[in-house]
Structures are given as C-alpha cells and as structure tokens.
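Q: I have a structure open and do not know how to read it. Where should I begin?

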Amino acid sequence: MKKEVYYSEYLKLESILQAQELESVKNQHPAHDEMLFIVTHQTLELWMKQIHFEIDSILQEFAKPYLPDATLSVIHHRLQRIVEIQKLMTSHFTVLETMTPLDFLDFRDDLIPASGFQSLQFKQLECKLGIYQRHQSSTKAYSQQSLHKEDQSRIDENTMTLFQGVQTWLERNPFLESKEYQFESSYKNALDLMFEKEKTLIQNHPFLDDEQRKKETVNVELMKDKFKDLFESENGDATQGKLSRKALLSALFINLYRDYPMIHTPFQVLRSLIELDQMHVAWKHKHLSMVRKMIGLKMGTGGSSGQKYLSESIEASSIFSDLVSLPSYLVSRQNIPVLPESISKQLGFRWV
Ligand code: HEM
C-alpha cells in the first residue's frame, strides 16, 4: 500500500524553516534585517537549484548527435522557464533593498568572511553557461580560494557548456550548402547590395553636408569590415565567446528564414538564449547597483574590492555576444535572397 505523504514531510519544511540562524543573535546583538538577508540568499539558492535542473536536462539533449523537433520545442520551453526564474531572481533585490545601509551595518561584520562570492551553485552555473572559463586567471584563482576545500573540486571547467552545445547544434544546420546553393555567398551578395544602397542614401540625403557624408560613408565601410571579421574564425573561440563561422552563418540563416515552419522553433530557441544571456547580465547589474547603495566603496565581506570586482566580472558575462550582435547584419525583408525551391520545400508544410 502506498504510504501517505504529508505536506510538511514532503517539502522537508522542518529543516528548511529552521535553517535561518542569525549570526547577530548568536553574537548577542540581534539585528532585525538579518532574517531578510538570509531568506533572500536562501531563496535565490533554491531558484539556482531549479535553473541547474533545467540546464542539465538541456545540456543532455545538446550532447546527443541528433535533436528531434519535439525535443527542440522542449528545450525552448525550458529555456523560457529559466528566463522567467532569472527575472524573478533579479526582482528579489527590490525586496532586499528595503533594508537600508545602516540596517546592513548592524550585522555586516558578523558575516565576515562569508559572501555570495562563495556560492558554489553560482560558480557551477557560470561554468555550465561557459562564462566561468573566460574569467581572468587571477580572478579565478581568488574565486577558487574563497571556496571550501571540498567545493573547489566541484567546479568542472571541462564539462560541456551551453555555449558549446548551442554551437554544435547550429553547425549541424543542413540547409547552408547544397549543389545548387551556397547561403554564405548568396547572402554576401545581398549584403553588398545593402551597403551600396546605404551609400547612395548617404550621397542623396538632403540634410547632410560633405563632411557628414564622408563620415557616414566611412561608417558603412567599417560595418563591412566588421562583418568580414565576424566570420573570419573557422573554429570560433569558446574562451572569448566567439562562435565558429559555420555556427554564426547558421544563426544568421535562422534569423532570416524564421518564417518557414521548419525554422520557427530554432528561431525561438535563439531568442530564448539571447534573453537568458541578457537576464544573467541584468541580474549582475542589479546586484551591483544594490551593492553600491548598500556598502558604497567598502570592501566586500568576501574580501574582494567590492564594486570594482563586481563591475569587472560583469564585463566577461555575456555568453553569446556574437548572437547579440547579429542584427547589425540583417538586410531588410525585400532584400533577403530567395531560397531555391528544393530548399524552401524542405522548410515548409505542404498539405497536398
Ligand atoms: C546586502 C546585500 C548584499 C551585498 C552588500 C552584497 C555584496 C557583495 C559583494 C561586495 C560581492 C563581491 C565579493 C565580496 O567581496 O564579498 C558579492 C558577490 C556576490 N554576491 Fe552579493 N551582496 C549582497 C546580496 C546578495 C544576495 C542576496 C545574493 C544572492 C545569492 C548575492 C550573491 C552574490 C554572488 C553570486 C556573488 C559573486 C558574483 C560574481 O562572482 O560575479 N549577493 N556580493
């Protein structure tokens, strides 16, 4: 017979609700706001646990040699869930900000040397996203040393990252090349036309003087060069967040031909990845802005330079910076190269 389950046992509420031990109480100067501080950290750690759960399942799918359509749809759904959790995690800081800097000072010294900096789940998450590996070695060494000895070996920099999983998936796009069609060259032609059109617009613009015309024309040339740079690296460079040439072409293809039924879900997946990327950075910005309000220029309880360390860490935090910059290279709808029928047939639905 099935054993009856009770709410509090099922949720282990006994242990969870007794896990708030105020250091200020132990040190005999109770600080009211320490409870909020602890609960906020614990809540965010729980949400991180859920994100790990979702990311692990996504990575498992990306590691397979083939992704069925239905699985891609599940991946999209889970990525969207992560994004919603990230939004929630960011908004938690507004509750914590009801604590004033003076309230925080009531118990700040009791915490030393504890800090969110020692959050193993946070570091593991950045590792799975592919960001942790990009931090400067000095930051990493400092970051490692702040962890408990047993936690240090639990950060595995060699595990497959979301960045690598996405890159491999994008590279498998079968529609980029065929006997009669080469996406790269057909798109380059469309772009050249777009750049020439831009130059004509500049030349004929009634409000520009000669100097402005010159300046704007140079800008167009710069854009052309940047586009070349974007595709120069055959293999990409995961340590710099640079996707391989093939993966980028594939992402561009997906952005352009997203209205074809076959491309719709891949497009949604790319959008969710960009959102996830931006929300991770947004969380870090919101945390930094709260830290500024709370401790100003003081050192962090974890011993870092505080604000300075956190702003530097944000700089290396975009997972898919290449994907984020793709819109600069989109041509308008009427200039998108028409696909050969053999390919457009494969990308569409035909009822008869
Ligand atoms: C009064 C509130 C808070 C202050 C003043 C604060 C301050 C800081 C500071 C100064 C650092 C840099 C490391 C150090 O020297 O300690 C840091 C790192 C960190 N904190 Fe907070 N924090 C607060 C709340 C939170 C909360 C609620 C979380 C949620 C889990 C959190 C998570 C983190 C994480 C994950 C890092 C490492 C970030 C990275 O390496 O990029 N912090 N915090």
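A: We will take the ligand and its surroundings, then two helix pairs. Keep in mind that this is a predicted model.

Q: Which residues come nearest to the ligand?
A: Start with the shell, the residues around the ligand. Here there are 28 residues around the ligand, and S115, H287, S304, Y309 and S313 come nearest.

Q: What polar contacts do S115, H287 and S304 make with the ligand?
A: Look for pairs of N or O atoms within 3.5 Å. In S115, a side-chain N or O atom is 2.7 Å from an oxygen atom of the ligand. S304 has a polar side-chain atom 2.7 Å from an oxygen atom of the ligand. H287 faces a nitrogen atom instead: a polar atom of the H287 side chain lies 2.9 Å from that ligand atom.

Q: Which helices each supply at least two residues of the shell around the ligand?
A: Trace the shell residues back to their helices. You will find α4 (34-62), α5 (69-96), α15 (261-295) and α16 (307-315). The largest share comes from α15, with seven residues.

Q: How many residues of each class does the shell around the ligand have?
A: Sort the residues into nonpolar, polar and charged. The shell has 15 nonpolar residues, 12 polar and one charged.

Q: Now the helix pairs. At what angle do the axes of α12 and α14 cross?
A: Read the distance and the angle together. Helix α12 covers residues 183-204, helix α14 covers residues 245-256, and their axes come within 11 Å and cross at roughly 60°. That angle is why α12 counts as oblique to α14. The crossing of α12 past α14 is left-handed.

Q: Which residues make the contact of α12 and α14?
A: List each side in turn. From α12 come F183, E184 and Y187; from α14 come R245, L249, L252, F253 and L256. By class, this contact has six nonpolar, no polar and two charged residues.

Q: How are α14 and α15 placed, roughly parallel or roughly perpendicular?
A: Check the angle again. The axes of α14 and α15 cross at roughly 115° and come within 9 Å. The two helices are therefore roughly perpendicular to each other. The crossing of α14 and α15 is left-handed.

Q: Which residues make the contact of α14 and α15?
A: On α14, they are A251, F253, I254 and N255; on α15, they are I263, P266, F267 and L270. The contact of α14 with α15 divides into seven nonpolar, one polar and no charged residues.

Methods
Residues are numbered from 1 along each chain as its sequence is written. This is a predicted model: local features need pLDDT of at least 70, side-chain atom pairs count only at pLDDT 80 or more; totals for chains, interfaces and linings use all residues. Side-chain values use heavy atoms; hydrogens and water are left out. A residue is near a molecule or strand if one of its heavy atoms lies within 4 Å of it. A polar contact is a pair of N or O atoms within 3.5 Å; within protein, one must be able to donate a hydrogen and the other to accept it, and residues adjacent in sequence count only if both atoms are side-chain atoms. Helices (H or I, at least four residues) and strands (E, at least two) are DSSP runs, numbered from the N terminus. Ala, Val, Leu, Ile, Met, Phe, Trp, Tyr, Cys and Pro count as nonpolar, Asp, Glu, Lys and Arg as charged, and the others, Gly among them, as polar. Axes are lines fitted to C-alpha atoms, for helices over the stretch in contact, and angles run from 0 to 180 degrees between N-to-C directions. Angles under 35 degrees count as roughly parallel, over 145 as roughly antiparallel, 65 to 115 as roughly perpendicular and the rest as oblique. A crossing is left-handed if the near helix is turned anticlockwise from the far one by less than a right angle, and right-handed if clockwise. Contact means heavy atoms within 4.5 Å.
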